[in-house]
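Grab a pencil and have a go at these exercises before you peek at the solutions. Each one comes with steps you can follow on screen.

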Number of protein chains: 2
Amino acid sequence: MTVKGVSIRHLWCFWVFLLISDAFDLSVQGPSIALNLPSSLFRPHPDEAAAFARWLVSRSSWGVLNTIASDLGGAPFGNVVSFSDGDPDKSSGIPYFYLTTLDPTASYALKDQRSSFTISEYPLGTCGSKDPENPSCAKITLVGKLKLLDGNSKEADFARNALFTKHPEMKGWPKNHHFQFFGLEIDDIFLINWFGGPKPLTVEQYLQIDMNEVSHSA
Amino acid sequence: MTVKGVSIRHLWCFWVFLLISDAFDLSVQGPSIALNLPSSLFRPHPDEAAAFARWLVSRSSWGVLNTIASDLGGAPFGNVVSFSDGDPDKSSGIPYFYLTTLDPTASYALKDQRSSFTISEYPLGTCGSKDPENPSCAKITLVGKLKLLDGNSKEADFARNALFTKHPEMKGWPKNHHFQFFGLEIDDIFLINWFGGPKPLTVEQYLQIDMNEVSHSA
């Protein structure tokens, strides 16, 4: 658990009875292996916090990017955006975005880099009949700094390939809207994927995961 | 457009060519009428900003609730939550939440009410093959103050019925986690549902919509 000041460690026993009817929903790993689907489809065990977090980020294609709205009294401003952290088997864990300053989020980030990016497992279809707020339907928030990438850097090349592969439509977006590549420099990770509160997970543990190893251990 | 300082009004002509292959995806209104589905399933025309916004909020069951993380340098902190604004045909437009201070979002809101709530149309399945960041796949952000409701108030009764009807699982959530009802007092609305930038939409226009009238005009 890396969000401080919140004591949620001891709750899981109260939730167990809610699980009984949903227990088999987590068995999606089995059919994925049997069908020889790409490694990115394997759902790691919830106890494998780093692998699980990377799986959730790698599998997802969109989320809510939050910045500080300088013109709305400093309110936290969430905005739906597409993203990619790389090709599924070569993912980095770092979410990259293709944003224009015609949209408020990019403008806000250029004034104040404080940001977070939030993803739910729910739209992936792997939560079964569980409610989106049920702790066993995973969610992750990556807290950090939203940074504009140097368009000529290797990181921008990685971001371009990552985004245009996952979101082919982006290649045709209007040049004169001046879309640019942004990346989230992660400082803190909030992951809920089971009962018992946020999983202890450092940024280092999260970033060092090799997604190919995740697939081999699944 | 109610988010200030952003000039996105003149963009739609550049996007039109992206629409051609997706134009028919917006025809989901037709089959809904033909099948005599509930009024909440009708997708209003994008030009009907208030009705469209209310439809998107009413149809959705979860989103990302953003608060200021007092223990993370004031970072904007997004969190996946379930919500309801009322029974589909009696919806209020005000999102209500069932939160515990064991989770950071409720704790943050009790210290600083500045908040926003963000919803994407993408998980509803009505965006066709469009990318989640494509402006014709709608998104809304309601900016305001996240307030704890008086548990004995009429508004709390409304919130309880709204939430427990849409999210029956909540009725069984652990009593000793002290879940409480929260509501978002809306100050500002950011709606994108087509090309040309955010739709001009005031809070008053949004709140005065009668969802039954929306269904009759669809």
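Here come three exercises on this predicted model.

**Exercise 1.** Work out how many helices and strands chain A has, and in what order they run.

*Solution.* Step one: count the elements, and you get seven helices and six strands. Step two: walk along from the N terminus, which gives α-α-α-β-β-β-α-β-β-α-β-α-α.

**Exercise 2.** Find what share of chain A is buried, and what its exposed surface is made of.

*Solution.* Step one: chain A has 218 residues, and buried ones make up 59% of them. Step two: turn to the outside, where chain A exposes about 8600 Å². Carbon and sulfur atoms supply 57% of that area.

**Exercise 3.** Decide whether A:Ser116 is buried or exposed, then find what its side chain reaches in chain B.

*Solution.* Step one: locate the residue. A:Ser116 sits in strand E4, which spans residues 114–120 of chain A.

Step two: check its accessible area. Buried means under 20% relative accessible area. A:Ser116 has 0%, so it counts as buried.

Step three: look at who's around. Skipping neighbours within four places in sequence, A:Ser116 is in contact with residues including A:Val64, A:Asn66 and A:Leu142, and with B:Pro76, B:Phe77 and B:Gly78 from chain B.

Step four: follow the side chain. The side chain of A:Ser116 reaches the backbone oxygen of B:Pro76 at 2.7 Å, and also the backbone nitrogen of B:Gly78 at 3.2 Å.

Conventions: Residues numbered from 1 in each chain as written. Chains lettered and ligands numbered in written order. Predicted model: local features only at pLDDT ≥ 70, side-chain atom pairs only at ≥ 80, totals over all residues. Heavy atoms only, no water. Helix = DSSP H or I, 4+ residues; strand = E, 2+ residues; numbered from the N terminus. Buried < 20%, exposed > 50% of the residue type's maximum accessible area, 1.4 Å probe, protein only. Areas by Shrake-Rupley, 256 points an atom, 1.4 Å probe, with all protein chains shown as cover. Polar contact = N/O pair within 3.5 Å; in protein donor to acceptor, adjacent residues only side chain to side chain. Contact = heavy atoms within 4.5 Å.
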